[in-house]
Each structure stands twice: as C-alpha cells, then as structure tokens.
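The following note sets out numbered points for a first reading of the model. Each point may be checked against the structure as it is displayed.

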Amino acid sequence: MAIAKAERLMNLALCLLGTRRPLSKRELRGSIEAYLEAGNDESFNRMFERDKDDLRELGLVIETVENLEGEPGYLARRDSNRLPPVSLDAEEAAALGLAAKVWQQARLAGAASGALQKLRAGGMPEAGDPYEGQHSAIEPRIPVHEAAFEPLMLACRDRRPVVFDYRKSNAARPEPRQVEPWALECWRGHWYLAGYDRDRGAERVFRLSRITGKVRSRAGKYTADVPDVVTVRETVASWAGEGGDRSALIRLRAGAGYPLRAKATAVREGADGWDELEVPYGHGLDAWLVEFGPDVVVVEPADLRADVVDRLRAVARG
C-alpha cells in the first residue's frame, strides 16, 4: 500500500512539474491511473486533496490558479521547485562521507552511495576526508543484522502501525504486539524500536533481536502523539538500563564483564576470583545482567535477583 501511494505521489508530481498550463482535477484524474480507479468523485477528491497536501509537506511548491474555463487548475513551476547549487566545504564533505561509511553493512548502503555520487556530480569535493590515511584502519560501522530493521524503518518514516511477534527475555514463547512505531535507536550495539503499544496503552521499547517472524503493516492512523527525537532517545536509554535511581550490588567474575565495570560506581576486588561491584539499578538492568551468564551473581536487591533468576530459567526452558 505504501508503494502504491508513493507511485501515485510521484505521478502527480511529474504531471504538475511537466505542464506549462494549470491542469484541472478532471484532467489530472484522466492522466493518473490510480485516480481513474477511484470508485467515485468523492473518493477521488479526498485522495487528490491528501496527495496535494502530502506533496506540499514534502516541499513541492504547487500553485492554484484558474484555467481558461474558470475552474481551479494546478501546476508546479520548475523555477519555483529547483534546488539551489550544492555548496559544501571540505569538512562538510568529509562528514557526509563518514556518515555514508557508517551504513556500509546495512541495507541503506546503496542509497548512501547513490546520494554521495549525486552530490559529487553536483559539486561536492571528491577528496577532503581529514581522516583518510591517518585513521584509515578505524572505520565506524552500524551493524544491522535483524530482518525487522528495514520494514520498521519504513514504518517509522511513513507513520504506519505494525504488528509483529515479540519474545520477552523472560518468556518462553513470543506474543503478538500491535505497535505505532516512533523511531529506531542503536544502544550499546543493539537496535531498539520505541513506540506506542496499543494493547497495553503505553509507550514501550522493543529490542529488534527479539522480534520473530515478519513485521506486518496495518492500515489506519496513529492514536497516540509522537514525541520528539530527544524524548525517544531518553526513553530508549531508560529501557536499556540507563538512568538508574537505585544501586545494585553484584558479584562479577574477575577478568569478565568489562562493560559492567565501566558502568560501576564502586569496585571492590575479591580474593576468591570474584569482585563486588555497585552499579546503577534502573529499568532493563536485569535483562543486561542475564547476557553475562554465569559470570554475574546478584547480591541485592532481592527483586533484581529474582528477576534475573526468572529470566535465566526462561532461557533454560528454551
């Protein structure tokens, strides 16, 4: 459905950009196949008005003028919709090149490479990467291995509700979730989706590696407001174990769990091959501790210890 709409918008934009005189609704309906398939005039009018608003929101300047018959006509003049020349200095070009390298392992690699080629054709400097040679052995990458990444990225962009099966870390089987996706965030090497869970009536964060099966799109509008990007990032950080308002005491095997050691507020070396750490205790810490397996033992608080034990038992059950 999203592809059909994108094709319809593209056809409408081409018609409006390619005409030298204003085109009426009747003429546009006869030129675009999707409009011809509209059931009646009312359906076509609603579709056309939405498409026109969407194109204007995307930045296309559409003029409304009367044609020779005195009825409203529409056109998009090329001089009003021409992008200014590309003007980037060496540092800006280097930043774009570095950003493109980040996505080399993702499905966005082709789009990033194509965008760079177009910018270079438009005047972006070919060279100018201050890190070339000096730090060529260090290349930033964002690994994306989850099949759910691309459909969720498109759903976030197009504001489309989705349905998928999700297995919590303490559950033996996945459960269906109906979500209004807000944004994808990468945190400590893992991808998370922040959105509104319709079944639970509240915001939730989902780790992509726990999504099973296909992500399926659903028709309809969002029922909850989408927060700004900063708020979404704070939500992901909180659900991923950041921002703890309490402290937990754990025993950690010597020589293991360096991410935990970096996060600890206090470390006491033990003589039995185990160290004691105090770490901030917030939402998601139990799931994080489970990832360290037998190298971690929770001493206190009791509720955190119980949560970790429950998650380990669920993993053992498969």
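1. Helix α4 buries F44, M47, F48, D51, K52 and L55 in this predicted model. Around the helix axis these residues cover an arc of only 135°, which puts them on the same side of α4. On the other side of the helix, E42 and E57 are exposed. The length of α4 may also be checked: at 1.5 Å a residue, its 17 residues should span 24 Å, and the end C-alpha atoms are indeed 24 Å apart.

2. Where does F48 of α4 find its aromatic partner? F48 lies in helix α4 (residues 41–57), and its partner Y35 lies in helix α3 (residues 33–36), 13 residues apart, so the pair links distant parts of the chain. The ring centres of Y35 and F48 are 6.3 Å apart and the planes stand at 75°; the pair is therefore edge-to-face. Both Y35 and F48 are buried. The two residues also belong to a cluster, in which ring pairs link Y35, F44, F48 and Y74.

3. A second aromatic pair deserves attention. F164 and F206 are also arranged edge-to-face, with 5.4 Å from centre to centre and 85° between the planes. F164 belongs to strand β3 and F206 to strand β6 (residues 202–207); with their positions 42 residues apart, this pair too links distant parts of the chain. F164 has a relative accessible area of 0% and is buried, and F206, at 1% relative accessibility, counts as buried as well. The count of aromatic pairs comes to 8.

4. Helix α11 can be examined in the manner of α4. Its 16 residues (302–317) should span 22 Å at 1.5 Å a residue, and the end C-alpha atoms are 23 Å apart, which agrees. Which residues of α11 are buried? They are L304, V308, R311 and A314. Seen down the axis, these buried residues fall within an arc of 125°, so they line one face of the helix. A302, R313, A316 and R317, on the other side of α11, are exposed. The cover over the buried residues of α11 includes the strands β8 (246–253), β10 (274–281) and β11 (296–300), together with the helix α10 (285–290).

5. Two points of backbone geometry should be noted. Most residues other than glycine have a negative phi, and most peptide bonds are trans. By contrast, E300 and P301 are joined by a cis peptide bond, with omega at about 5°. P301 is found in the loop between β11 and α11. R159 is not a glycine, yet it has a positive phi of about 55°. R159 lies in the loop between α7 (149–158) and β3, and at 38% relative accessibility it counts as partly exposed.

6. C156 offers an example of contacts across the sequence. C156 is placed in helix α7, and its relative accessibility of 9% makes it count as buried. Leaving aside residues up to four places away in sequence, C156 touches P181, W182, A183, L184 and L193. Its C-alpha atom is 9.7 Å from that of A194, a residue 38 positions away in sequence.

7. The chain as a whole may now be summarised. Its secondary structure comes to 11 helices and 11 strands. Of the 318 residues in the chain, 35% are buried. Among contacts with a separation of 6 or more, 56% are between residues 24 or more positions apart. The accessible surface comes to about 18900 Å², and carbon and sulfur atoms account for 52% of this area.

8. How confident is the prediction? The chain averages a pLDDT of 80, and 77% of the residues score at least 70. Confidence is highest in strand β3 (residues 162–166), at a mean of 95, and lowest in helix α6 (residues 109–121), at 64. Over residues 128–138 the pLDDT is below 50, and this stretch has 8 contacts in the model beyond near neighbours in sequence. Where pLDDT is low, the predicted coordinates should not be read in detail.

Methods
Residues numbered from 1 in each chain as written. Predicted model: local features only at pLDDT ≥ 70, side-chain atom pairs only at ≥ 80, totals over all residues. Heavy atoms only, no water. Helix = DSSP H or I, 4+ residues; strand = E, 2+ residues; numbered from the N terminus. Buried < 20%, exposed > 50% of the residue type's maximum accessible area, 1.4 Å probe, protein only. Contact = heavy atoms within 4.5 Å. Areas by Shrake-Rupley, 256 points an atom, 1.4 Å probe, with all protein chains shown as cover. Expected span 1.5 Å × (residues − 1). Arc of directions from axis to C-beta. pLDDT = per-residue confidence, 0-100. Phe/Tyr/Trp six-rings, centres within 6.5 Å; stacked < 30°, edge-to-face > 60°.
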